[in-house]
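Reader: I'd like a close look at a single part of this one, please. Pick a stretch, take me through it step by step, and then show me the rest.

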Amino acid sequence: MKKVYSLQFIVYSFFIMLLAVNCTLYTFVCHAETISSPELINNAKQYDGKEITYSGEVIGDVMVRGKFAWINVSDAKNAIGIWLPQDLTKGIYNTGSYKTKGDMVEVKGKFNRACIEHGGDLDIHASSLQIVQKGEKVEEIISPRKIKVAIAFLIICLTLTIIYFIRLGYGTRS
Amino acid sequence: MVLKPHLDDFKIIGYYLGKITIGIGLFMLIPIVCALGFREVSPTFDFFIGIGISFLLGFLLTKVCSTDKDLNWMQGMIVVSLSWLVATIIAAIPLYLSGHFTSYLDTCFESMSGFATTGLTLVQDLDHLSYTHNLWRHLTPFMGGQGIAIVALSLFVSGSSGAFKMYVGEAREEKILPNVIHTARFIWIISIIYLLIGTISLGVTGMLIGMKPQNAFFHGACIFMAGFDTAGFAPQSQNILYYHSFSFEIVTILIMIIGTLNFNLHFHLWSGNYKEIFKNIETRTLLLSSTLAFFVVALGLKQLNVYPGLVMFFRKGFFQLISGHSTTGFQTIYAQQFIKEWGSLALGGIICAMALGGCACSTAGGIKMLRLGIILKAIKEDIRRIMLPEKAIIVQKFHHIKNIFLDDKQIRAALLITLCYLVLYCAGALIGMFCGYPFLDSLFESTSAAANVGFSCGITDAGMPALLKVTYIIQMWAGRLEFMSIFTLLGFLVAAIKGK
């Protein structure tokens with residue numbers, strides 16, 4: 001009888017362990033999914049204090065503050081501030097601007113709806129940063145039609161200005 | 001009987017509109033200098049096209065409508081109201097060519113928002129916009145804040161009675177100096193001096209918080225122009241939240257407060273009359289209304305425990321309040337957070353602050369502190385009249401640069417404009433609701449547009465209905481010009497159609 005009970009105990013324990021492993025894996029998979037900025041901003045209370053993964057393009061400046069730094073990462077909908085150790089920013093070479101496509105990064109860290117450390121900012125305190133895709137310089141594309149139209153207008157403007165000043169000169173003399 | 005306008009009326013209006021159009025074109029030379037400095041080729045061509053169109057239109061108008069007659073009141077008012085529309089359409093050309101807008105209507109929305117010192121934006125992918133276009137976005141409030149017609153005409157006109165009519169048409173009734181062109185130039189001088197001080201302060205702060213020097217000073221100039229002219233534009237999509245800095249926010253708060261004060265008060269402070277700031281009805285009313293609004297916002301935020309710490313409350317609650325009351329519209333929170341987190345009471349406090357606005361004869365919008373002060377004095381006078389014996393003579397005075405006796409004419413004017421603003425706020429909210437947005441969201445956005453604030457709770461977006469975009473454009477235009485010149489334009493149009 002005792003043997004039957006112990007066998008049952010082993011089987012139940014096995015299933016409980018399996019369930020626990022399953023739950024952990026599920027949580028891991030869920031958190032590994034990147035969360036978009038509208039989702040984070042619109043459901044800030046739900047995600048407050050949770051570990052999340054967020055990805056996007058680094059835009060603007062890398063603002064170093066002592067041993068830490070701020071970067072702003074945009075997922076094309078919104079940009080969110082990321083507070084991270086300065087060491088993690090060392091791989092960032094390109095930040096998004098008019099002439100540059102910034103590095104695409106994946107950030108893992110704690111999401112704050114109103115960060116106590118940073119005066120209530122909605123931010124992410126990153127524990128890891130991975131560069132998913134390197135940014136690059138963006139070549140300006142100027143349509144030939146735009147150049148032609150601009151030159152035509154420039155000539156008209158100059159002509160009108162010259163006429164204006166010539167007439168102004170005559171007016172002053174007379 | 002309504003009299004049909006004479007051909008001369010059209011000629012004079014056309015002539016002055018032409019001059020203003022050339023003036024707008026001349027201002028486009030500034031972004032070209034910036035484009036050359038930052039080696040941005042494509043934007044240079046965009047501005048050449050913009051200058052070309054404005055010069056061509058301006059020369060055509062001045063040639064066809066050539067006249068040496070001065071403006072009368074009606075013509076002056078019409079020139080002002082039309083010049084804001086013409087300037088909006090012309091300033092939109094280089095922005096549209098940037099490719100960062102989904103339609104020309106969106107670009108017109110952006111330029112009207114800039115000129116009217118509102119700050120609502122429909123730009124796409126702002127973080128990749130060129131320095132040149134970004135500078136132009138921030139130059140529009142700098143021009144609009146001083147008054148487009150006056151800005152353009154102070155370049156060409158040495159002083160005329162017509163200029164004064166346009167000065168009044170642009171919602172400025174106070175002459176700081178005897179000549180209106182001198183007044184306009186004084187406003188320019190103090191604006192440029194503040195621009196230099198503000199840019200250096202923000203640039204140095206930007207460098208201290210880790211920005212590259214080039215970006216720090218560029219952002220400094222842009223943020224100053226948007227802050228001093230109570231516009232609320234910023235070079236990055238996160239607005240002031242981009243900087244993640246308390247010190248940057250403090251400097252910005254100071255700029256917003258300076259920007260919301262009356263230019264006449266600035267003149268007296270510059271002349272050494274420091275007592276004026278404590279005696280003036282506007283500064284006193286501003287202090288009273290901001291204190292009351294602060295308590296409402298604080299209570300609302302405390303109720304929901306939105307920002308538990310004092311520093312958090314200051315950087316989010318107080319910052320947004322000052323930004324709203326000064327009608328600047330700088331944000332350190334995301335637009336959606338207003339609705340999702342702030343709650344009705346705090347939002348109500350912000351809406352009231354936005355509706356009341358800043359000081360008269362400043363770049364701020366809204367009902368204005370001078371009018372609120374006069375209405376409060378009138379209420380006080382009426383209460384005293386009831387309390388005292390019937391034969392008692394009650395004299396009410398207020399101090400605005402000098403001691404002024406309060407009369408019924410002033411009260412009537414203040415109440416009339418206040419009523420117009422309230423109707424404008426409600427009309428925009430109704431149209432917002434018609435487009436399917438909730439009441440509080442619609443009222444918030446409508447008040448923000450009509451009071452030229454620039455706060456958004458998320459409605460203002462490229463995807464919003466065209467009807468709402470046009471509504472907000474009209475609200476920004478009417479709110480900035482304080483109705484009179486627009487009523488005159490409507491009257492002129494009616495007379496042109498129905499007149500004999």
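Author: Let's fix one term before we start: two residues are in contact if their C-beta atoms, placed from the backbone, lie within 7 Å. Also keep in mind that this is a predicted model.

The part I'd pick is helix α17 of chain B, residues 343-356. Start with its length. The helix has 14 residues, which at 1.5 Å a residue should span 20 Å, and the end C-alpha atoms are indeed 20 Å apart, so the two agree.

Next, what's tucked away? Buried here means 20 or more other C-beta atoms within 10 Å. The buried residues of α17(B) are B:A346, B:L347, B:G349, B:I350, B:I351, B:A353, B:M354, B:A355 and B:L356. And what covers them? The cover includes six helices of chain B: α14 (281-303), α15 (310-325), α16 (335-341), α18 (369-387), α19 (408-434) and α20 (439-450). Right after the helix comes B:G357, with a positive phi near 75 degrees.

For another helix to set beside that one, go along chain B to α22, residues 484-498. Its 15 residues reach 21 Å from first C-alpha to last, close to the 21 Å expected at 1.5 Å a residue. Its buried residues are B:S485, B:I486, B:L489 and B:F492. Looking down the axis of α22(B), you'd find these within an arc of 115 degrees, so they line one face of the helix. On the other side, B:L490, B:V494 and B:K498 are exposed.

Chain B has a little hairpin to show you as well. Strands β1 (residues 397-400) and β2 (residues 402-405) of chain B run antiparallel, joined by four bridges. B:F398 has B:I404 of β2(B) as its bridge partner. One residue sits between the strands, and B:I401 has a positive phi near 70 degrees.

Then there's B:K279, in helix α13 (residues 276-279) of chain B. It has 14 other C-beta atoms within 10 Å, so it's partly exposed. From B:K279 to B:H325 you go 46 residues in sequence and 20 Å in space, C-alpha to C-alpha.

Over in chain A, there are four helices and seven strands, in the order α-α-α-β-β-β-β-β-β-β-α along the sequence. Five of the strands close into a barrel, β1-β2-β3-β6-β5, with mixed pairing. Neighbouring strands there are turned by 55 degrees against each other on average, ignoring direction. One parallel pair is β3 (residues 79-85) with β6 (residues 123-133) of chain A, held over three bridges, where A:I82 stands opposite A:I124. Across chain A, 29% of the 174 residues are buried. Of its contacts with a separation of 6 or more, 55% are between residues 24 or more positions apart.

Last, the place where the chains meet: 37 residues of chain A and 41 residues of chain B take part. On the chain A side, α2 (37-42), β1 (51-65), β2 (68-74), β3 and α4 (144-173) each supply at least two residues. Helix α4(A) gives the most, with nine residues. By type, the chain A side divides into 21 nonpolar, 11 polar and five charged residues.

Notes. Residues numbered from 1 in each chain as written. Chains lettered and ligands numbered in written order. Predicted model: local features only at pLDDT ≥ 70, side-chain atom pairs only at ≥ 80, totals over all residues. Expected span 1.5 Å × (residues − 1). Buried ≥ 20, exposed ≤ 12 C-beta atoms within 10 Å, placed from the backbone. Arc of directions from axis to C-beta. Pairing = 2+ DSSP bridges. Axes fitted to C-alpha atoms, helices over the stretch in contact; angles between N-to-C directions. Nonpolar A, V, L, I, M, F, W, Y, C, P; charged D, E, K, R; others polar.
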